[in-house]
Amino acid sequence: MNVVDHVRDMAAAGLHSNVRILSSLLLTMSNNNPELFSPAQKYQLLVYHADAIFHDKEYRNAACKYSMALQQKKVLNKTSKVRTSAGGAASNIQAQSLPSEIEVKYKIAECYTILKLDKDAIAVLDGIPSRQRTPKINMMLANLYRKAGQERSAVTSYKEVLRQCPLALDAIIGLLSLSVKGAEVASMTMDVIQSIPNLDWLSVWIKAYAFIHAGDNQRAINTICSLEKKSLLRDNVDLLVSLADVYFRAGDTKNAILKFEQAQMLDPYLIRGMDVYGYLMAREGHLEDVEVLGGRLFNISDQHAEPWVISGCHSFYSKRYSRALYLGAKAIQLNSNSVQALLLKGAALRNMGRVQEAIIHFREAMRLAPCRLDCYEGLIDCYLASNGIREAMGMANNIYKTLGANAQTLTILATVCLEDPVTQEKAKTLLDKALAQRPDYTKAVVKKAELLSREQKYEEGIGLLRNALANQSDCVLHRMLGDFLVAVNDYQEAMDQYSIALSLDPNDQKSLEGMQKMEKEESPTDATVELDGDDMEGSGEDGDLEGSDSEAAQWADQEQWFGMQ
């Protein structure tokens with residue numbers, strides 16, 4: 001047993017720091033005296049040394065050392081060709097015990113991926129012949145292709161993963177996200193479903209995720225619920241998180257929060273989906289709970305985007321936009337595919353008046369999640385903020401045509417129509433259709449109330465808001481009802497509604513202003529209150545988040561460090 005064998009055994013035992021020190025010394029000896037070690041031994045030492053550096057998270061250094069190992073392997077291959085036939089047989093046995101050249105290339109690609117050098121990673125993996133690609137190589141290639149927009153190549157690689165590993169569920173989700181038909185994907189798993197007992201649920205699972213990626217939220221909800229109710233899959237955390245996310249996409253905040261809470265009760269270390277949960281809680285005004293959630297997730301891991309997004313949402317809804325921008329940028333640095341981080345950063349930029357930069361982030365979020373309407377809503381808000389009504393109308397019409405006439409798309413289109421006096425009547429028709437489908441859809445109720453306020457139809461608005469509040473309690477709806485009650489001189493109940501709104505969201509500035517304005521009135525009978533469209537504007541489900549930003553200077557220096565655009 002020689003010294004290189006000792007290095008190999010230490011590497012296998014996970015003694016990385018020991019391997020790094022010893023292999024470094026041995027490689028220096030080899031450089032000073034090339035006769036000390038054979039080409040095969042030097043190749044082994046380089047690989048083990050690179051592995052130890054990789055373990056220390058020095059990825060650029062590791063990639064360099066792995067590349068040196070590959071150069072040494074070329075030397076080894078040349079020397080092995082000129083050996084005698086007897087020596088050649090021995091060298092074949094030795095070659096089988098050497099670290100895999102394919103594995104070394106995969107490690108280089110892994111380093112490049114971590115360093116966000118995706119093109120270099122693709123180039124390394126593309127250099128591996130198709131027949132020699134392992135499932136993990138094809139999976140990495142597929143993800144890199146998808147990120148680079150090379151959808152056809154991504155589909156091919158995902159299919160190759162499934163050919164080798166038909167139960168690779170993440171590869172299935174990858175194919176469905178690239179618009180491959182659910183039936184086609186299911187056919188690739190049919191043999192294994194039929195040959196293994198208790199896998200009959202898999203075809204239904206595929207159907208559920210096919211609905212999700214097709215934007216058919218209601219059928220996705222129904223399908224996941226049918227799976228979740230089956231005794232063998234009851235209380236599965238992944239299914240609950242997916243169900244919560246689809247409820248969120250469908251605009252059903254109440255059920256989304258309920259399912260997220262159920263999931264985290266089952267798994268207190270859950271990270272996936274908690275960024276959306278934190279956003280919903282912040283939007284509902286539960287900032288103390290959001291702060292606790294963010295702290296708990298940081299204790300679990302600060303190397304995921306989710307805790308940074310949650311803290312960013314807390315800052316955003318506390319009107320600290322520069323801090324929200326910094327936290328969103330940090331989240332994107334950790335995970336460039338985090339849709340929630342992109343939306344957070346885009347919203348912060350928009351509220352800071354940097355609309356064009358915000359548009360870039362909303363567009364990227366839209367590319368990553370083409371079926372999430374909040375990505376489009378953010379982009380439309382930016383167009384409207386910069387007086388781009390034509391662009392906003394084009395986007396809203398495209399959503400309406402692509403995703404169909406549901407309560408959400410109808411409300412988005414109506415929101416844009418409300419900005420142009422010429423299309424006010426069309427907005428009313430669209431909102432009526434949306435409310436006919438979903439009478440409890442808060443955004444539609446808010447926009448319809450805004451329209452009724454402009455038309456000074458206060459009694460009708462009061463009836464609309466009372467009906468909406470019969471089955472839910474929402475800060476914005478209570479505040480708007482207070483505004484309408486003030487307009488009809490019902491000051492006592494208006495005060496009650498403002499109080500309820502503030503109990504739901506103590507940071508709701510408009511409710512506080514409404515209450516303070518009433519308290520200053522010397523006599524209710526002398527009070528005159530104007531309720532126009534400007535007062536109601538921006539009072540949708542997300543709330544009006546404009547305000548001063550005292551921390552701008554404090555966080556401005558962080559922008560360059562985090563590579564902000």
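**Exercise 1.** Over the face of which residue does Lys73 lie, and at what distance from the ring centre?

*Solution.* Keep in mind that we're working with a predicted model.
- Start with the ring: Lys73 lies over the face of Tyr43, 5.9 Å from the ring centre. The cut-off for a charge over a ring is within 6 Å, along with an angle within 35 degrees of the ring normal.
- Next, place the lysine: Lys73 belongs to helix H4 (residues 59-81).
- Then check its surroundings. Leaving out residues up to four places away in sequence, Lys73 touches Tyr43 and Glu101.
- Last, accessibility: Lys73 has a relative accessible area of 13%. Buried means under 20%, so Lys73 counts as buried.

For another case, try Lys330: its charged end sits over the ring of Trp308, 5.3 Å from the centre.

**Exercise 2.** Classify the ring pair Tyr458 and Phe484, then find where its two members sit.

*Solution.*
- The ring centres are 6.0 Å apart, and the pairing cut-off is within 6.5 Å.
- The planes meet at 70°; over 60 degrees counts as edge-to-face. So this pair is edge-to-face.
- As for location, Tyr458 is in helix H28 (residues 458-469) and Phe484 in helix H29 (residues 475-487). They're 26 residues apart, and the pair links distant parts of the chain.
- Both Tyr458 and Phe484 are buried.

**Exercise 3.** How many aromatic pairs does the structure hold? Work through one of them, Phe316 with Tyr317.

*Solution.*
- The count is nine aromatic pairs.
- Phe316 and Tyr317 are edge-to-face, with 5.2 Å centre to centre and 70° between the planes.
- Both of these residues are buried.
- Widen the view: Phe316 and Tyr317 join Phe248, Tyr279 and Tyr321 in one aromatic cluster.

**Exercise 4.** Check the length of helix H30 (residues 491-504), then work out where its buried residues point.

*Solution.*
- H30 has 14 residues, so at 1.5 Å a residue it should span 20 Å. Its end C-alpha atoms are 20 Å apart, which agrees.
- List the buried residues: Tyr491, Ala494, Gln497, Tyr498, Ala501 and Leu502.
- Look down the axis of H30: the buried residues fall within an arc of 135°, so they line one face of the helix.
- The spacing rule helps here: an α-helix has 3.6 residues a turn, so residues three or four places apart point the same way.
- Gln492 and Ser503, on the other side of H30, are exposed.
- Finally, the cover over the buried residues of H30 includes H28, H29 and helix H31 (509-520).

Notes:
Residues numbered from 1 in each chain as written. Predicted model: local features only at pLDDT ≥ 70, side-chain atom pairs only at ≥ 80, totals over all residues. Heavy atoms only, no water. Phe/Tyr/Trp six-rings, centres within 6.5 Å; stacked < 30°, edge-to-face > 60°. Buried < 20%, exposed > 50% of the residue type's maximum accessible area, 1.4 Å probe, protein only. Helix = DSSP H or I, 4+ residues; strand = E, 2+ residues; numbered from the N terminus. Contact = heavy atoms within 4.5 Å. Expected span 1.5 Å × (residues − 1). Arc of directions from axis to C-beta.
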